[in-house]
Number of protein chains: 2
Amino acid sequence: MSAIDLNKAPVPNPFGTLNPCAACTVRDLSICQVLNETDLQRLAEIATTMEIAARAPILDEGEDASYLFNVTGGTVKLYKLLPDGRRQITGFLYGGDFLGIAMNEQYAYSAEAVTGVTLCRFPRKKFEHLLTVLPNLEQRLLSAASNELVQAQDQMVLLGRKTAKEKIVSFLLALSRRLEARDKAPSPVHLPMSRSDIADYLGLTTETVSRTFSALKRNGDIRLLDGGKVELPDIEALTEIADGY
Amino acid sequence: MSAIDLNKAPVPNPFGTLNPCAACTVRDLSICQVLNETDLQRLAEIATTMEIAARAPILDEGEDASYLFNVTGGTVKLYKLLPDGRRQITGFLYGGDFLGIAMNEQYAYSAEAVTGVTLCRFPRKKFEHLLTVLPNLEQRLLSAASNELVQAQDQMVLLGRKTAKEKIVSFLLALSRRLEARDKAPSPVHLPMSRSDIADYLGLTTETVSRTFSALKRNGDIRLLDGGKVELPDIEALTEIADGY
DNA sequence: CGAATGATTGACGAATATCAAGCTGCGTGG
DNA sequence: CCACGCAGCTTGATATTCGTCAATCATTCG
């Protein structure tokens, strides 16, 4: 059974005849950015908007890749499991991110909602057909894939060669840079995911994550606010820590 | 200065008016596979074939990404460095692989020839222009990027969650599967790269790599032949080791 | 208020890194 | 042709980071 069935039923056209993209708050961040009115309409015709509750599965590794998604709100985690239960989170997705570039006929990873999530779902076959007639969209997707690969390589450096402290600080800085890229203040950053999620993303244990946060706090490098917010008082200094100078 | 300048001068058209792709031994493995005669000719017009000596640099991280490449022979390593010299090899490329998907205006990583390497070089601007008029090629590139992302995620699991033994065995099996995908015998596999390269690819030290090979050999899981070849007597058994059953 | 879940802290142990010493194979030059 | 030297590989002894096991604390939600 598809994991998606466990969630709230999709709403095929909640806006009546109106294009649902008109209300999309992350359009300019998403792959839809490159589409004109007409083309956007064509994409909207195959799209279904959905809401997923926090902790609910979105898709499972190995499952037939029948759908692709735009994340329009909330936080999603992507992960892979080893047979004995060890888990590696390969990425977090936020509003504007595309979910489903990295797959063949089956999904290469599982995806689960970290917070409540809103999605825009596309049947893969129809989406792939659209790609052939909307060259802009295909270009944009290639560019997204290229960016993801660059990120993936940074993550390999982190996982393979950085210390626990460097990993944590790199993670916080990546979130901070993401805020900056969207013209928001680079601090504080928000951590919607658990310590255990952070650990599985950075190749650590929850205990080490916790201890490292405590040590950074003790040293004045970060300040832990409530609501999972973290203040970064000196981003320059943190940048040096992250790269191990 | 561009790293490429250090190498043997490129040969713009070593085949006279003949299409150099006619002689290409890896065409069916490369992105060129999807091109017909006419389109192949257009790609060939912007291509330059090159030879790079073992250990010579091909490109440097941060450098303007002026060229993209097809690897037509030999082994290439891609890597990133931390300021203090720690190195993470993010991938090895072999004949048929495309070099340059993961970049923006600058290369995201450095590339160096492990063995003697032959390359097919394309000026990026011209290549990108070709993409807009050869939809097949763009699709193929997107598909290549998608595959690379899947691989990248496997590598994250390896780096973040596997033991030294699991890492080494996973690496050997990946090489073996590559052989199989090309209809060759899955064993023995050839390791053209040094222990130190393997270590930097797997997030280990050379000493740990060496010790782990010795332990696997002692246990009869592998046999080290000369010429850097490794025999895998029981691939089933190794598969279980690789995933930590 | 109590139970459950997640976060933090502590004590200890294990996997792998580090430091150091040989070993091997290969190219070079006498 | 052989000996030397060098680079890479292997092996050993020790150190260190981080994981494991366990207890306490904090927060949320019935």
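How far is a phosphate oxygen of DNA strand C from an N or O atom in the side chain of A:Ser214? In this predicted model the separation comes out at 2.3 Å. The model was read with a few ground rules: local features need pLDDT of at least 70, side-chain atom pairs count only at pLDDT 80 or more, and totals for chains, interfaces and linings use all residues. Side-chain values use heavy atoms, with hydrogens and water left out, while residues are numbered from 1 along each chain as its sequence is written, and chains are lettered from A and ligands numbered from 1 in the order in which they are written.

Back to DNA strand C. There are 15 residues around it, and those that come nearest are A:Arg195, A:Ser210, A:Arg211, A:Ser214 and B:Thr208; a residue is near a strand if one of its heavy atoms lies within 4 Å of it. Of the strand C atoms that come within 4 Å of the protein, 62% belong to sugar and phosphate. Besides A:Ser214, A:Arg195 puts a polar side-chain atom 2.7 Å from a phosphate oxygen of this strand. B:Ala164 uses its backbone instead, with an N or O atom 2.9 Å from a phosphate oxygen of DNA strand C. As for secondary structure, the elements giving two or more residues to this surface are α6 (206-218) of chain A and α6 (206-218) of chain B. Helices here are DSSP runs of H or I with at least four residues, strands are runs of E with at least two, and both are numbered from the N terminus. It is α6(A) that gives the most, with four residues. Sorted by class, the surface near DNA strand C holds two nonpolar, seven polar and six charged residues. In that scheme Ala, Val, Leu, Ile, Met, Phe, Trp, Tyr, Cys and Pro count as nonpolar, Asp, Glu, Lys and Arg as charged, and the others, Gly among them, as polar.

What about DNA strand D? The strand has 15 residues around it, with A:Thr208, A:Arg211, B:Arg195, B:Ser210 and B:Ser214 coming nearest. Sugar and phosphate make up 62% of the strand D atoms that come within 4 Å of the protein. A polar side-chain atom of B:Arg195 sits 2.7 Å from a phosphate oxygen of DNA strand D, and the side chain of A:Thr205 has an N or O atom 3.2 Å from a phosphate oxygen of the strand. A base comes into play with A:Glu207, where a side-chain N or O atom is 3.0 Å from a base nitrogen of DNA strand D. Here α6 of chain A and α6 of chain B each supply at least two residues, and α6(B) gives the most, with four residues. The class split for the surface near DNA strand D is two nonpolar, seven polar and six charged.

The two protein chains also meet each other. The contact (heavy atoms within 4.5 Å) takes 46 residues from chain B and 46 residues from chain A. Between them the chains bury about 4000 Å², 62% of it on carbon and sulfur atoms; buried area is the accessible area (1.4 Å probe) that two parts lose on being put together, summed over both. Six salt bridges link chain B and chain A, each being a side-chain nitrogen of Lys or Arg within 4 Å of a carboxyl oxygen of Asp or Glu. One salt bridge pairs B:Lys80 with A:Asp154, whose closest N and O atoms are 3.1 Å apart. On the chain B side, β5 (87-93), α2 (124-133), α3 (135-161) and α5 (195-202) give two or more residues. The largest share, 20 residues, comes from α3(B). By class, that side has 21 nonpolar, 13 polar and twelve charged residues.

How do the two copies relate? A turn of 180 degrees and a shift of 0.0 Å along the axis lay chain B on chain A with an RMSD of 0.0 Å, which is the relation of a two-fold axis. Superposition is by least squares on the C-alpha atoms of residues with pLDDT of at least 70 in both copies. The same surface serves both copies, as 100% of the contact residues of chain B recur in chain A.

Finally, some backbone details. Most residues other than glycine have a negative phi, and most peptide bonds are trans. The bond joining A:Ser187 and A:Pro188 is cis, with omega about 0 degrees, and A:Pro188 lies in the loop between α4 (164-181) and β9 (189-190) of chain A. In chain B, the peptide bond from B:Ser187 to B:Pro188 is cis, with omega near 0 degrees. A:Asp183, found in the loop between α4 and β9 of chain A, has a positive phi of about 60 degrees although it is not a glycine.

Terms used
Polar contact = N/O pair within 3.5 Å; in protein donor to acceptor, adjacent residues only side chain to side chain.
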